[in-house]
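Dear colleague,

I am handing over the structure below, together with some notes on what was found in it. Please read them alongside the coordinates when you have a moment.

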Amino acid sequence: MNRARKTAISPTRDEDYTEWYQQVIRAADLAETSAVRGCMVIKPWGYSLWENIQRVLDGMFKATGHQNAYFPLFIPLSFMQKEAEHVEGFAKECAVVTHHRLEAGPDGRLVPSGELTEPLVVRPTSETIIGATFAKWVQSYRDLPLLINQWANVVRWEMRPRIFLRTAEFLWQEGHTVHATAEDAQQETARMLGVYADFAERYMAIPVIKGEKTLSERFPGAVSTYSIEAMMQDRKALQAGTSHFLGQNFARSSEIRFSDPSGQDAYAWTTSWGVSTRLIGGLIMTHSDDNGLILPPKLAPRHVVILPLLRKNTNRAAILAYCESLAQELRALRYKGNPPDSLSEDETRIPFDDDQPLQVELDVRDASGGEKVWSWIKKGVPIRLEIGQRELEGNTVFVGRRDRQQSERVSQSRAEFVATVSAQLDDIQHGLFDRARRFCDQHTQRIDSKADLYDFFTPKNRDKPEIHAGFALSHWNGQPDVEETIKNDLNVTIRCIPLDAPEEEGSCVLSGQASKRRVVFAKSY
């Protein structure tokens with residue numbers, strides 16, 4: 001009789017994926033819910049992960065000529081009303097400030113007082129407030145292109161919050177650029193989508209599909225929206241980043257005009273693009289297992305953790321000294337990481353050098369060896385080194401890798417480990433990407449009939465749906481009513497129209513009408 005393998009996380013992914021996700025976050029000490037409904041507290045380990053995401057992306061933005069700035073958190077209501085589609089798209093999610101002070105009421109309780117002349121919307125996104133500023137900054141074609149990024153928080157009222165995936169307040173970056181021509185703005189839109197895809201695959205080890213959104217999924221007020229879509233381990237899609245070509249819509253509503261080389265007055269062309277702390281949720285759901293978080297080395301807050309095993313009848317002082325000297329030796333190294341051979345070259349790839357010191361943690365807590373080991377397994381550190389009396393005497397290290405089972409630990413000489421640690425980290429990074437890509441490929445199907453599409457997206461157990469479906473590559477006739485029917489029937493949307501999808505004559509999977517290319521259908525977050 002086979003016993004079920006005990007796991008650190010309960011329930012497992014197969015038993016209850018939604019609860020498994022919450023338990024991984026708790027076990028890894030990434031974040032927790034706050035006293036404010038719908039908001040989260042990002043704890044130090046989780047925020048360190050966000051800082052690494054921020055550090056790399058910020059370097060990539062600056063390598064492409066962008067500069068950072070900061071704009072107000074509060075947006076006058078009149079600004080939101082200038083762009084009709086934009087305000088309609090965000091109206092139900094906006095938090096609004098109507099008063100500017102508190103006073104004690106008759107019963108002694110604080111009540112709002114000092115009604116504002118004009119209500120202020122708490123930033124859901126910044127196109128309108130930044131547009132008003134750009135209208136002052138841009139006067140001539142010589143001022144263009146204007147390439148600005150902002151790291152900030154935003155508020156979008158969320159009725160069904162889920163940590164990192166959907167919260168009322170979250171952290172993000174939003175890029176906003178101004179151009180003299182439509183062609184330049186479209187190139188910027190494509191370039192930044194490429195930056196996001198490059199970051200997702202090279203740093204997060206998450207394979208993505210680049211594509212254009214349909215009209216129903218388009219950013220409010222945009223001419224066109226592009227996204228990167230990733231498959232999570234429950235086979236749902238996660239929109240991991242977006243890039244928008246705004247045409248002249250926001251330039252007209254904000255009066256962003258410039259004098260062209262001939263002296264003629266012209267409206268500018270603008271873009272916006274962004275990613276958020278939702279990336280952390282995507283990282284968790286792509287790589288983690290039933291023992292907790294698994295982190296790609298390029299973004300891990302610590303690359304190596306050293307665990308002194310101080311049992312009875314051991315030379316505690318000598319073991320600690322050995323661990324300390326090993327930590328110093330490792331900290332003197334630098335880790336850059338190389339892209340996996342399986343990652344194809346892309347003309348949008350940014351030559352960004354992310355060389356960084358090897359991040360090493362020496363865990364000297366007063367806790368048992370097993371407790372220490374499992375706490376770092378759950379936190380997802382790529383490499384663990386267990387050091388006891390045997391390692392001290394043999395000048396060795398006992399190596400555990402987070403991408404392998406605890407039973408697969410091996411002994412290495414100290415010199416060999418120091419010489420190969422970067423290569424081992426690369427092997428983990430590349431292995432995570434390759435495993436995620438195999439998973440995505442395995443659960444992506446070309447589907448050409450309505451019956452097969454509906455069967456693919458219908459769980460066998462309707463009362464407690466099992467993990468099912470994936471990505472369906474199917475023909476679509478371009479009609480919104482087809483998209484709406486599938487959404488209502490199956491809770492499935494068109495995630496994107498892949499940019500690399502070749503033209504292919506076919507029939508719409510629902511209507512049977514002519515279609516020239518396949519799109520990606522999926523359930524999503």
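At 48% relative accessibility, Lys62 counts as partly exposed, because that class covers what lies between buried, under 20%, and exposed, over 50%. Please keep in mind that this is a predicted model. Lys62 belongs to helix H2, which spans residues 44–63, and its C-alpha lies 9.2 Å from that of Asn149, although 87 residues separate Lys62 and Asn149 in sequence.

A second position with a partner distant in sequence is Ala266, which sits in strand E13 (residues 265–267). Between Ala266 and Ala180 there are 8.5 Å in space, C-alpha to C-alpha, against a separation of 86 residues along the sequence. If residues up to four places away in sequence are left aside, Ala266 touches Ile256, Arg257 and Phe258. With a relative accessible area of 22%, Ala266 is partly exposed, since the buried class requires a value under 20%.

The last item concerns charge at the surface, where Asp14, Glu15, Asp16 and Glu19 form a negative patch. Of these residues, Glu19 is found in helix H1, which runs over residues 17–27. The relative accessible area of Glu19 is 31%, so that Glu19 is partly exposed, and this value also satisfies the patch criterion, because members of a patch need over 30% relative accessible area.

Best regards

Note on methods: Residues are numbered from 1 along each chain as its sequence is written. This is a predicted model: local features need pLDDT of at least 70, side-chain atom pairs count only at pLDDT 80 or more; totals for chains, interfaces and linings use all residues. Side-chain values use heavy atoms; hydrogens and water are left out. Patches are made of residues with over 30% relative accessible area and no salt bridge: like charges are joined within 9 Å, nonpolar side chains (Val, Leu, Ile, Met, Phe, Trp, Tyr) within 5 Å. Accessible areas come from the Shrake-Rupley method with a 1.4 Å probe; for residues, only the protein chains shown count as cover. A salt bridge is a side-chain nitrogen of Lys or Arg within 4 Å of a carboxyl oxygen of Asp or Glu. Lys and Arg count as positive and Asp and Glu as negative; His and the chain ends are not counted. The place of a charge is taken as NZ of Lys, CZ of Arg, CG of Asp or CD of Glu. Helices (H or I, at least four residues) and strands (E, at least two) are DSSP runs, numbered from the N terminus. Buried means under 20% relative accessible area, exposed over 50%, partly exposed in between (1.4 Å probe, protein chains only). Contact means heavy atoms within 4.5 Å.
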